[in-house]
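Student: Could you zoom in on a single part of this and walk me through it slowly? I'd like to know how it's divided up, what it touches and what sits inside.

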Amino acid sequence: MLHIALAKGRIAKTVMARLQAGGWKFPEYSDDSRKLIFTDAEGRLKVTLVKSPDVAVYVRRGAADAGIVGKDILIEDGAADVYEVLDLGIGKCRMAVSGIKGRQDVMKKRILTVASKYPGIARKYFASRFQPVDIIQLNGSVELAPLVGLADVIVDIVETGTTLRENGLEAYDEFMELSARLICNKVSYKMKQEELKKFIETCGFKK
Amino acid sequence: MHQTLEELQMVHEEEMVNYDRIQTAVLQVMHRHGCRIIQTPTFEDYDTYGRYFPGLQKEMVKTIDADGSVLVLRPDVTLPLVKMVAREYPDTRQLLKFGYVSTVFREYYGRSTHGKYFLQSGVEILGDDSPECDGEVIVTAAEFLEALGISKMRIDLGTVAYMDALFADLNLPAESLARVRQELEERNLVALRETADQLAVTRLQRDVLVELPRLFGDYGPTMGRAEALSLNTGMAKALERTKAVYEYLKNAGYGDRVQLDLGFTSHMGYYTDSVFKIYADGALYSMISGGRYDRLSAQFHAERPACGFGMNMNLLYEYMADEEMLEAAQPSADLAVLYDQASPELIRDINGWRKKGFAVIGVNTANTVSSDDFRITVRWKNGSYEMDGQPASADAVEARLRRL
């Protein structure tokens, strides 16, 4: 049986929909269920829903054979020690520096305060521009930070830009294209090659 | 990220017993192959390792010597071994076989265990550059597992010479080459495809390059694919040599367990030819990895071919625990004698039994003792023994011990 860990949220919803469209049946799954582990009716595929930063942990340690997670998480984590085998082309978005609309000049401050869920990516971005920054790690609702004066700018993913707009923010610099990736445990990649191929095909992903 | 409580990483008796059994089994395999057992120094020079294995620098445990120089705790066995051989054995064609079981101080991750050091066992054969030598090294590794009752295993055999021969033709700038190697090592298929599309290589070369990380599977079909993708004599020669190694494995009775994988990379140029990993059935990590490293010895001014492998015995232990292959804890003593007041006869009897080879503990009744710790219990009271509620002589107790 192939065991796949999916990042909870948008990615899990998209992949589950694709799987169901591809003919896999998950009797216990529904969009709003709180269950975290499902097996398909034929017992060939097990799906686990985990928080996105944990996907690579499950896969590396072999608790799952493969996982689907955003490239943003893989970059932020650094060496995940798993194989990145396919760009799934879903969950497309960009990493961007954003701040209050029309106040782009704030980027010229000598020491910029940056709020982000991605301190590693933020640090690398500003280091490459030789800009001194003070990075504040947040765990959610990063858009709040510039509004309440916690930070000058944020580094976060932008999909449609709606959240930014609704909070009076705009993207100053979109610097990284992102999408969901299929990662694989190093041993499972070889041992379960056939099952993986089948999974990829039924999801409608190109190999 | 991993917060193992170092102070709680105690090895208990039942683990000691099992480690001892595992160690005895692998040492016997080494002896059957005529290996000399060695132990390399616990402390090594930091700069030496920094030079030859820069990738290990962060992982190594550093310490400072009395004179202020920086030392590391043994991060591997191969390097000091090759260095010692270069110094002590001037004849580079002399066949030398070494085996070891040593603690190496490097991080490792299992399914549920993690540590900053582990017990490693391995074999290194020096002086022989034949494919038969590679075959013997792989067979020895497989025998390590078999000696412990693990017969279901998978041997992934490859050669880095195939990939290196392709690179030799591509004439890539050093920077691109490093990037391609890195992406191959990580089997980052997504990035590799992007990189390959930008290289100044022929369409054919590009196709072979992106196929490399997927060039694995059953021996026969994969060898066929590899031959079809072979673009120069170097690649063809690498495959010929791999076939000879496979022949050895087949004749030694391991052919059905071999899978071919030409996606193995050479770890910063360390490996030069055959490489292999062995997986026990059901384990999602390799316990054994090894290969041929013909260039390492030249660093110590002696051209000497070499091939070897290492096995992580902590991972093996975890696997055996998961598969319920370990031996249960045994009572530490055969007999416990409980007494209120010691006497000369009691002391004489207890020590006499020990000299006869029985494990005996004397327990003052003021102490407590766990009943799991011994097989028989007798009580010493008013100058005589009491066994199963009946008075018993010292001879009767001894007779009972003999029946165990």
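Tutor: Let's get one term straight before anything else: the bounds of a domain come from an automatic or database domain assignment. With that in hand, chain B is split into domain 1 (6-40 + 77-322) and domain 2 (333-402). The centres of domain 1 of chain B and domain 2 of chain B, taken over C-alpha atoms, are 54 Å apart. Keep in mind that this is a predicted model, with scores of ipTM 0.73 and pTM 0.84. For chain B the mean pLDDT is 92, and 97% of its residues reach 70 or more.

Now for our close look, which is at chain A. You'll find eight helices and eleven strands in chain A, and its C-alpha atoms fill a box of roughly 60 × 30 × 25 Å along the principal axes. Of the 207 residues of chain A, 39% count as buried. Take the contacts in chain A between residues at least 6 apart in sequence: 68% of them join residues at least 24 apart.

Chain A gets a domain split too: domain 1 covers 2-91 + 179-202 and domain 2 covers 93-178. Their centres, over C-alpha atoms, are separated by 29 Å. Where they touch, domain 1 of chain A puts in eight residues and domain 2 of chain A puts in seven. On the domain 1 side, helix 3 (residues 71-77) of chain A gives the most, with four residues. Sort that side of domain 1 by class and you get one nonpolar, four polar and three charged residues.

What about the contact between the chains? Chain A and chain B each bring 14 residues to it. On the chain A side, strand 5 (83-87) and helix 7 (188-191) each supply at least two residues. Strand 5 of chain A has the largest share of that side, with five residues. By class, the chain A side breaks down into five nonpolar, four polar and five charged residues.

Next, the inside. The largest nonpolar core has 118 residues, and those with the most contacts inside it are Leu6(A), Val59(A), Ile68(A), Val69(A) and Cys184(A). Chain B has a hand in this core as well: its helix 4 (residues 131-147) gives the most, with seven residues. Apart from that core lies another, of 17 residues, including Val114(A) and Tyr118(A). Try clicking on Ile68(A): leaving aside neighbours within four places in sequence, its contacts include Ile4(A), Leu6(A), Val15(A), Leu88(A) and Leu182(A).

For contrast, hop over to Arg34(A), which is in the loop between helix 1 (10-21) and strand 2 (37-39) of chain A. Is Arg34(A) buried or exposed? Count the other C-beta atoms within 10 Å of Arg34(A) and you get 6. The cut-off for exposed is 12 or fewer, so Arg34(A) is exposed. Leu49(A) is 15 residues from Arg34(A) along the chain, and 9.8 Å separate their C-alpha atoms.

Conventions. Residues numbered from 1 in each chain as written. Chains lettered and ligands numbered in written order. Predicted model: local features only at pLDDT ≥ 70, side-chain atom pairs only at ≥ 80, totals over all residues. Contact = placed C-beta atoms within 7 Å. Nonpolar A, V, L, I, M, F, W, Y, C, P; charged D, E, K, R; others polar. Core = buried A, V, L, I, M, F, W, Y, C linked by C-beta atoms within 7 Å. Buried ≥ 20, exposed ≤ 12 C-beta atoms within 10 Å, placed from the backbone. pLDDT = per-residue confidence, 0-100.
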